[in-house]
Amino acid sequence: MRWTVNSKTNSKIFEETMQEAIRDMDIDLQGDVWTTFKEALNNCREHGNKFDDSKNIYLCIMVDEKRKTIEVILKDQGSGYDYYKMLHQKVDPMADRGRGHIIMAALTNELLIDCSHGGTQVYFMKKLKKGGK
Ligand SMILES: Nc1ncnc2c1ncn2[C@@H]1O[C@H](COP(=O)(O)OP(=O)(O)OP(=O)(O)O)[C@@H](O)[C@H]1O
Ligand SMILES: [Mg+2]
C-alpha cells in the first residue's frame, strides 16, 4: 500500500493519512512510527517551512507486506541544514530542545536526511516484525 500527499505546511491531512496507514498495526509499532513521523513533520513545519502555509510538504508512506516494512518520506521547501555538522555537535542532555534526531534514530531501523536537492528530505524505515527494534 502506498499513500502520497502534497499539501500546505500546516494541513492536518498529514496526520490523518499516517493514522490511516498505521491503524491496524501493533500498538508499540504505532507508537514508534507516530513519534518519529511527528518529529520529522514538526521539523519540516517549524525549521523548514517556518510555518509558512504558502509552502508545501510532501509525504509518501509505503507499507510493504512482503518485506514487512513501513517506509516514510517527508520533504519540505525550506533551505536545508548541515545534518552531519549537527550530528557531531554536543547536545546538552538537559536542554529543552534538540533531541528530535536522537529520538528518530533510536526508534527506526534506518534514518536518512538529504538536503542536497533544495529543502530537506527525511526518509525513515521501520520493520513491521516484532523484535525488529
Ligand atoms: N527540516 C528541517 N529544515 C531545516 N533545519 C532543520 C530541519 N530539521 C531539523 N533542522 C535543524 O536541526 C536542528 C535539530 O533538530 P532536532 O529535531 O534534533 O531538534 P529541535 O527540533 O531543535 O528540538 P526538538 O525536536 O527537541 O523539539 C534544528 O534545531 C534545526 O536547526
Ligand atoms: Mg525537532
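**View 1. Strands β4 and β5 lie side by side in a predicted model.** Five bridges join β4 (residues 110-114) to β5, and the two strands run antiparallel. The model shown here, as in every view, is predicted. One bridge pairs Asp114 with Gln121 of β5. Together β4 and β5 make a hairpin, with six residues between them. Gly118 sits in that turn and has a positive phi of about 85°.

**View 2. Strand β3 pairs with β5.** Seven bridges link β3 (residues 69-75) to β5. This pair also runs antiparallel. Two of the partnerships can be picked out by residue. Val72 has Phe124 of β5 as its bridge partner. Leu74 has Val122 of β5 as its bridge partner.

**View 3. The side chains of β5 alternate between two faces.** In a regular strand, side chains alternate between the two faces of the sheet. Strand β5 (residues 121-127) shows this alternation. Val122, Phe124 and Lys126 point to one face and are buried. Gln121, Tyr123, Met125 and Lys127 point to the other face and are not buried. Two residues from the earlier views belong to the buried set: Phe124, the partner of Val72, and Val122, the partner of Leu74. Gln121, the partner of Asp114, is on the other face.

**View 4. Five strands make an open sheet.** The strand order is β1-β2-β3-β5-β4, and the pairing is antiparallel. Strands β1 and β4 stand at the edges. Each has a single partner strand, so one side of each is left without a neighbour in the sheet. From one strand to the next, the twist averages 10°. Strands of a sheet pair through backbone hydrogen bonds.

**View 5. Fifteen residues surround ligand 1.** Of these 15 residues, Asn43, His47, Gly48, Arg97 and Gly100 come nearest. Two elements, α2 (27-48) and α4 (100-107), each give two or more residues to the shell. Helix α2 gives the most, with five residues. Which classes of residue make up the shell? Eight are polar, four are charged and three are nonpolar.

**View 6. Ser11 lies in a loop.** The loop runs between β1 (2-8) and α1 (13-22). Is Ser11 buried, exposed or partly exposed? Ser11 is partly exposed, because 17 other C-beta atoms lie within 10 Å; a buried residue would have 20 or more, and an exposed one 12 or fewer. Ser11 and Ile27 are 16 residues apart in sequence. In space, their C-alpha atoms are 25 Å apart.

Terms used:
Residues are numbered from 1 along each chain as its sequence is written. Chains are lettered from A and ligands numbered from 1 in the order in which they are written. This is a predicted model: local features need pLDDT of at least 70, side-chain atom pairs count only at pLDDT 80 or more; totals for chains, interfaces and linings use all residues. A residue is near a molecule or strand if its C-beta atom, placed from the backbone, lies within 6 Å of it. Helices (H or I, at least four residues) and strands (E, at least two) are DSSP runs, numbered from the N terminus. Ala, Val, Leu, Ile, Met, Phe, Trp, Tyr, Cys and Pro count as nonpolar, Asp, Glu, Lys and Arg as charged, and the others, Gly among them, as polar. Two strands pair if DSSP finds at least two bridges between them. Axes are lines fitted to C-alpha atoms, for helices over the stretch in contact, and angles run from 0 to 180 degrees between N-to-C directions.
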